[in-house]
Amino acid sequence: MCGIVGWIDWKQDLTEQSRILDKMTKAVRHRGPDAEGVYLSKHAALGHRRLVVVDPEGGAQPMTRRRGDNSYTITYNGELYNTLELRRELEARKYTFLSRNSDTEVLLLAFMEWGEACLQRLNGIFAFAVWDEFNRSLFLARDRLGVKPLFYARQGESFLFASELKALLAHPAVKTEITKEGLAEILVMGPSRTPGQGIFKGIAELKPGHWLLYQRKGVRITKYWGLASKPHEDDLEMTAGKVRELLEDTVSRQLVADVGVCALLSGGLDSSALTALAAEVFRPAGRTPLHSLSVDYAENQDYFAISEFQPDADFAWAGRVAQSLGTVHRQITIDNQELADALFPAAWARDLPGMADIDSSLYLFCREIRKTATVALSGECADEVFGGYPWFYQQEAMDTPYFPWIRMLPERLRLLSPDAAAAIRPWDYITARYREALEEVPRIPGEEVFEARIREMSYLNITRFMPALLERKDRMSMAWGLEIRVPFSDHRLVEYAWNIPWQMKNWGGRSKGILRRALMDILPADVLQRPKSPYPRSHNPSYRQTVHSRFLKIVNDSSSPLLELVDINAVRSALTSSGSLFARPWFGQLMGETQYLAYLLQLDAWLRAYKVTIG
């Protein structure tokens, strides 16, 4: 993976602005620690930081190819998994290649041949920009599910884009101001984010499955991909077989790399499935055994507590699966003090307050993975695609008139300061975002009421919750120059699973039943039947104590910007009267009281470090 930045300006001569482009490019150097490149012309400046994964010699960027009097220059972040097929098709059309097997060159020539129609041919994860020097036009595109990030901003005659917010903020024209809408995203929607929201004033996100064309006459944005609803015609056996076939093909494609590849293994269904399929690819290829890694926390086994969301611990299961599959397994143990210390580095990686220690633990986990591998497979997206989350099975969640992973909202909103609550009008805000999402759902006329509601829930999870997890995975991994691939986000698999009826998805009365059936011959029976257990959190009371003490220190600091947003007396009162702020997680499956206070710690540190102003 890589980091990309760019600047188009119709009035300034950008050949004289290399210092600013250099600053923007260096802001994403963690995404590409191996090489740096720039392209400068009068109206266009492109920057690139490269993480070498494929074709070390032939994939340098920005990359320029000429056709007649015109030149096209690309800066690209991502990975194409059908490079070979596209290359052969382009060679048949008389294109010649200068690199050995660079997907960057394949993508650039594909755009030169087919324009925006090339996007329909791509299998992969990507965010890229192509500057057409003759026509003075910039083309941006983002992959279908939004695995790779892309933000942009318009400032007068300047158009800016980058992989991360921090690179845009490195430009002197972009200010760290947030509007009331941005504040509502943080205090109500957070740590998730509405698609398209850039939080900072003037910054937007190019939505997944969209492309953007920028010319002198302005900006045009077009959606090129979306889920399509239709009756599912395959029977149970054909469906399970198709799911298995797609997974096998996807995993095989995503193991292609010129660097070390590993698998993240929790011992749950999703990660075990990918590890098993990857191990099968490794064996006949004569590679050394696949390496797998899992994560836990110091002394966690001594304090682990079963809950409705976390029925058991990963520790024994990961080892059990690794032994069964013959992987070289390593468990990484995170120190609880370091976990707390990493809260702000994790917020810096995301450029926003995030999932508290759920982020900081992944941040530290990725640091350790990067010491031995450059690419890793991870099991994100299976729960959204196959309906694995608890809220798919809880009537209360099904009936909730807002996003089911945003929990305990009345309790949370009572903790806001009166001024903040009045400014953002939280109930109006979340209701509007929820209705917008429901209006997008592609429906089947006459569909049975329950199936229609499940379709809504699936759409909400794929387009609203999954992006939050993909953003987390991208930022925490790329902070260390680690490329994580997510096979369950393959668009072919997502498209197929989208129309599988709930009774079949839930085969055997089990969550993700169709996936379990598709994997029956490659996983041990007990692993195949293991209940869902999310990414682990620390249960060690020392972590809770550290977060509480740091929170109290901040709220006793009269200069804290947090005091304008949170009713500290209400927080103290809730902690004193009940001993706990929330009866259940307030976001997702794991974020309880400690994570709420840690989120506020991140928010305080972010407001200070980024010098955020609220407009």
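# A walk through the cavities, a pocket and a sheet

Of the residues lining the second largest cavity, 6 are nonpolar, 6 are polar and 4 are charged. That is our starting point in this predicted model, so keep the viewer open and follow along.

**Stop 1: the second largest cavity**

Select C2, L51, G78, D103 and T104: of the 16 residues that line this cavity, these are the closest to its centre. The space they surround has a volume of about 130 Å³. Now colour β5 (70-80) and α3 (103-114), each of which supplies at least two lining residues. Which element gives the largest share of the lining here? It is β5, with 4 residues.

**Stop 2: the largest cavity**

Rolling a probe the size of a water molecule over the atoms shows where empty space is left. A search of the whole structure turns up 8 cavities of 30 Å³ or more, and the largest of them holds about 740 Å³ of space. To centre your view on the largest cavity, select E380, K532, S533, P534 and Y535, the closest to its centre among the 43 residues that line it.

Next, bring up the elements around the largest cavity. At least two lining residues come from each of α7 (269-282), β15 (291-297), α12 (357-369), α13 (382-386) and α18 (449-478). If you colour the lining of the largest cavity by class, you should find 21 nonpolar, 10 polar and 12 charged residues.

**Stop 3: the largest pocket**

Keep α18 on screen and move to the largest pocket, whose volume is about 570 Å³. Select P195, K207, P208, T463 and R464; out of 31 lining residues, these are the closest to the centre of the pocket. Two elements to highlight are α17 (426-440) and α18, which give two or more residues to this lining. How many residues does α18 give to the lining of the largest pocket? The count is 10, and α18 gives the most. By class, the pocket lining has 13 nonpolar, 6 polar and 12 charged residues.

**Stop 4: D474**

While you are on helix α18, pick out D474, which is found there. Is D474 buried or exposed? Its relative accessibility is 3%, so D474 counts as buried. Show its surroundings as sticks: leaving aside residues up to four places away in sequence, D474 touches R31, V147, K148 and P149.

**Stop 5: the open sheet**

For the last stop, switch to a cartoon view and find the open sheet of 6 strands. Trace the strands in the order β2-β3-β1-β9-β8-β11, and note that the pairing is antiparallel. Look at the edges: β2 (35-40) and β11 (203-205) each have a single partner strand, so one side of each is left without a neighbour in the sheet. From one strand to the next, the twist averages 15°.

Zoom in on the β11 edge. Here β8 (residues 151-155) pairs with β11 in the antiparallel sense over 3 bridges. Select A153 and I203 together, and you will see that A153 stands opposite I203 in β11.

Finally, add helix α1 (residues 18-26), which packs on the sheet. Which strands does helix α1 touch? They are β1 (2-9), β2, β3 (44-50) and β9 (158-162). Compare the direction of helix α1 with that of β2, and the angle is about 145°.

Definitions and conventions: Residues are numbered from 1 along each chain as its sequence is written. This is a predicted model: local features need pLDDT of at least 70, side-chain atom pairs count only at pLDDT 80 or more; totals for chains, interfaces and linings use all residues. Side-chain values use heavy atoms; hydrogens and water are left out. Two strands pair if DSSP finds at least two bridges between them. Axes are lines fitted to C-alpha atoms, for helices over the stretch in contact, and angles run from 0 to 180 degrees between N-to-C directions. Contact means heavy atoms within 4.5 Å. On a 1 Å grid over the protein atoms alone, a cavity is a set of points where a 1.4 Å probe fits but cannot get out, and a pocket is an open set with protein on both sides within 12 Å along at least five of seven lines; lining residues have an atom within 4 Å of a point. Grid points are joined across faces, edges and corners, and a volume is the space filled by probe spheres set on the points. Ala, Val, Leu, Ile, Met, Phe, Trp, Tyr, Cys and Pro count as nonpolar, Asp, Glu, Lys and Arg as charged, and the others, Gly among them, as polar. Buried means under 20% relative accessible area, exposed over 50%, partly exposed in between (1.4 Å probe, protein chains only).
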